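Reader: Before we begin, could you take me through the features of this model one at a time, giving the general idea before the particular case?

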Amino acid sequence: MILSFAQMEETPMPQFKGGEKTTFAKMYTDAHNRIMRSRLEPGASIGLHTHEGNSEAVYILSGTGKALYDGGEERLQPGDCHYCPEGHSHSIVNDGTEDLVFFAVVPQHN
């Protein structure tokens, strides 16, 4: 199955999970996974949240930023993969000067 993000409409999600500004995402969702290509403009963030019943892998495509993870901070740059296991908390912040673009997969743990 091919997911063509180039042909998907980008959905704006203002203050996603309590974050700053707007998260933009092209996504595919079914009963088992949420697969998305997301974009945060400079100064935007995804709010701090805990993964319950799922986990998340975030692969950075372009831009720079940080992940706030279980009370710590991890720098993010292209080629990095941030992983948030079930039961852990994280936030993604674009503190850079260009869009932070990433691919994320959120599998359900049913």
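**Sheets and pocket**

Author: Four strands (E runs in DSSP of at least two residues, numbered from the N terminus) form an open sheet in the order β4-β9-β6-β7, with antiparallel pairing, where two strands pair if DSSP finds at least two bridges between them. This is a predicted model, in which local features need pLDDT of at least 70 and side-chain atom pairs count only at pLDDT 80 or more, while totals for chains, interfaces and linings use all residues. Residues are numbered from 1 along each chain as its sequence is written, and side-chain values use heavy atoms, with hydrogens and water left out.

Reader: Which strands are the edge strands of the sheet β4-β9-β6-β7?

Author: They are β4 and β7 (72–76), each of which pairs on one side only. Strand β4 is joined to β9 (residues 89–93) by four bridges, and His49 stands opposite His90 in β9.

Reader: In what order do the six strands of the other open sheet run?

Author: The order is β1-β2-β3-β10-β5-β8, again with antiparallel pairing. β1 (11–14) and β8 (81–84) each have a single partner strand, so one side of each is left without a neighbour in the sheet. Within this sheet, β5 (residues 56–62) and β10 pair over five bridges, and Ala57 has Val105 in β10 as its bridge partner.

Reader: How is empty space found, and which residues are closest to the centre of the largest pocket?

Author: Rolling a probe the size of a water molecule over the atoms shows where empty space is left. Of the 17 residues that line the largest pocket, the closest to its centre are Lys17, Arg34, His49, His51 and Glu56; a pocket here is an open set of points on a 1 Å grid over the protein atoms alone, where a 1.4 Å probe fits, with protein on both sides within 12 Å along at least five of seven lines, and lining residues have an atom within 4 Å of a point.
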